[in-house]
Amino acid sequence: MRRARIMMAFAVAGATAVVGVLSLVPGEQGSQAAQSVARPPSPGDPLTGDEITRAGQIASATWRSHMTTGRAELLYVERDDDKEAGDRRRADAYIYDYRTDRLVVRTVDLAKGEVVEERTGRGVHPPPSRGEETAAAELLLADPEYGERVRAAHLKAGGRPLVSAADLGLRALTFTPRPGDKVAGACETHRCVRLFVRLPDGSWLDTSRIVVDLSAKKILTLEW
Amino acid sequence: MFLRLTLSCALLVTGLTGAAGATANAGAAGAAGAAGATDPARNAQAAPGSQPSCSSPYRIDKTLPNGARWRLCWEMRTIEGLTLTDVTYTPKGGETIGVLRSTALAQIHVPYDSGEPRFHDIGTIGDDAIALKAADCPGGERRNQFVCVTTRARGHGYLKSDGEGVSKSVQGTDLVVFAAFQLGWYTYLVEWAFGDDGAITPRIGATGSLSGFTTTPAHGWPVGVGSTKFEESHNHNVFWRLDFDIDGSRGDVVEQYDFTGSGTSKRKLSRTVFDEETKAVNSRMRWWRVVDSGVRNADRHPVSWEINNLASAEYRGPADEAFTRADLYVTDYRACERLASTNPTPGCGKSVDRYVADEDELTDPVVWVNVGFHHVARDEDADPMPTHWQGFRITPRDVTAKNPY
Ligand SMILES: [Cu+2]
């Protein structure tokens, strides 16, 4: 969950605040970030926390206003391991624009400090980020009917009222509609996720029919 | 010595003439073999592969009791989770050879038997890695909490009696690299075993909890007391992406072997060389290999790794899940082709069946393996559910000229 907060902070506060936040991360981050070390990373090492921060800043430079308003989000930064790039340290920043439903993947050359490649597409959906998991849970809680059900289930399982989405164990997966889907057909292009919700007693809510459309900010109920 | 060589070459060619493309390939292989030993470019290219490109704690370097050495790098990628790169093998007393440039999971597709839901379980699984305790990594060391590097006994490497009551035997050992991921109610154990015999065993274990989805008797199995709650059956269709680079990316070719004849006393070897991107399905005696004809063992046979034992349920999904309709795919390397379905990169195909659709010429093959397990719940799957495993084998074929022990 740590990284979720970082990405959210990035989206809201912009780049300047992020340096301070991310410097706490190396060694603790669940994924990819290499340990904080004095020596420079070897070509095949995972990205360091500093490299992730820098790549995110460079890739997002022209996107900051959109990220501040929540129109777009930096999902995550992955090491680019294209073998044609040889030993160059490169990072792929995944940026999603919910207004135009475009995924933008910007490849940053860390030595040059610049974006060297950009790919954009509609209807391409990388896995949901931690920030998107929280956003999806907030939409679910804001839904009059489902929100009530989640709160009731949480109270029953945990013996205390739910305060925020952070009280729930969350995991989101990309939702891909089947051909001819009447309810969730828009998810061909919209950013849609399934959400798994774990309650304080370790049980999971049955959310198998629920899809959260992050582009339309809507909850969809699948029919099958 | 020379005679023996000539003979074995001749036998090889004769034995293969029935197969498609065999003559041309054998000729090319012969030429490459002749050049191989003295080609300085070739030797120069081998050098980078012999040293993993990573440093501590991402570097794994293990010499097993028989002297076999495996070196590789690991990375916990946000999307694919545990990814192994720059895998090299050094047989006992032999030279180091690059095997895999990278390997990782490429999808866990989980369709339920009633038709819904249908999950593509690869999310940002690197973020779902479980911090391992010492007890979770017996006899090994944990790297950055999430990766276990250990060794494990594999039983008899061989056992042979000389007929006088004296037998020789050795015990096999594997280097094991694994991580565990909590993906919803399931825990997946993602593991690669690197054997002292040069074999690699990728496998995945599903444990944790059942989903608890209930269904009709036609799509499930009764769990709990009596026959009121039917837990829904489902598949775990697991895909691996394997970028083989045997001694560098140059010269790798994928071949399929079949043995024709059924209900007859004879079986005949049949070889198909994949020149273009393609897909293939399992057959009981079928296997594939990635071979680099420019790299020879001491017997002057081209070095290869064989892909076999795909013990798969062979799930075939509906038309919109065409990626489930083959057990093995061979694509030409493209950095953007990472997952077997729900591929995350714009300007690239969305699933592995699309990657092969344009039938590009193969110059740097990447192999995708699909192994399915049909999970019909049973009472024993009560929480915490015992692990069920699925995977396949990658075995050396003519990497060493002798028994690797
Ligand atoms: Cu299962």
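**Disulfides and domains, step by step**

With a relative accessibility of 3%, B:Cys137 counts as buried. That makes a good starting point for a walk through this predicted model, because buried here means under 20% relative accessible area. The partner of B:Cys137 is B:Cys148, and the two are joined by a disulfide with an S to S distance of 2.1 Å. B:Cys148, at 0% relative accessibility, is counted as buried too.

Let's look at how this bond is placed. The torsion about the S-S bond of B:Cys137 and B:Cys148 is 80 degrees, a right-handed link. B:Cys137 sits in the loop between β5 (118-120) and β6 (141-143) of chain B, while B:Cys148 belongs to strand β7 (residues 147-161) of chain B, so the disulfide ties together parts that lie 11 residues apart in sequence.

Stay in chain B and go to B:Cys54 and B:Cys73. Their sulfur atoms are 2.1 Å apart and form a disulfide. Here the torsion about the S-S bond is about -90 degrees, so this disulfide is left-handed. It links distant parts of the chain: B:Cys54 is found in the loop between α3 (40-50) and β1 (59-63) of chain B, and B:Cys73 in strand β2 (residues 69-77) of chain B, with the two positions 19 residues apart in the count along the sequence. Both B:Cys54 and B:Cys73 are buried. If you number the bonded cysteines of chain B in sequence order, the pairing reads 1-2, 3-4, 5-6.

Now turn to chain A. A:Cys187 and A:Cys192 are joined by a disulfide, S to S 2.1 Å, and both of these cysteines are buried. The torsion about their S-S bond is about -80 degrees, so the disulfide is left-handed. Over all chains, a search of the whole structure finds four disulfides.

Chain A also has a domain layout to explore. Its domain assignment gives domain 1 (2-122) and domain 2 (130-221). Where these two meet, eight residues of domain 1 of chain A are in contact with eight residues of domain 2 of chain A. Together the two domains bury about 810 Å² between them, with 60% of it on carbon and sulfur atoms. On the side of domain 1 of chain A that touches domain 2, the elements giving two or more residues are α1 (2-13) and β1 (72-79) of chain A.

What about polar links across this interface? Three residue pairs are in polar contact between domain 1 and domain 2 of chain A, with both residues at pLDDT 80 or more, whereas the count of salt bridges between the two domains is zero.

Methods:
Residues are numbered from 1 along each chain as its sequence is written. Chains are lettered from A and ligands numbered from 1 in the order in which they are written. This is a predicted model: local features need pLDDT of at least 70, side-chain atom pairs count only at pLDDT 80 or more; totals for chains, interfaces and linings use all residues. Side-chain values use heavy atoms; hydrogens and water are left out. A disulfide is a pair of cysteine sulfur atoms within 2.5 Å. Buried means under 20% relative accessible area, exposed over 50%, partly exposed in between (1.4 Å probe, protein chains only). Helices (H or I, at least four residues) and strands (E, at least two) are DSSP runs, numbered from the N terminus. Domain bounds come from an automatic or database domain assignment. Contact means heavy atoms within 4.5 Å. Buried area is the accessible area (1.4 Å probe) that two parts lose on being put together, summed over both. A salt bridge is a side-chain nitrogen of Lys or Arg within 4 Å of a carboxyl oxygen of Asp or Glu. A polar contact is a pair of N or O atoms within 3.5 Å; within protein, one must be able to donate a hydrogen and the other to accept it, and residues adjacent in sequence count only if both atoms are side-chain atoms.
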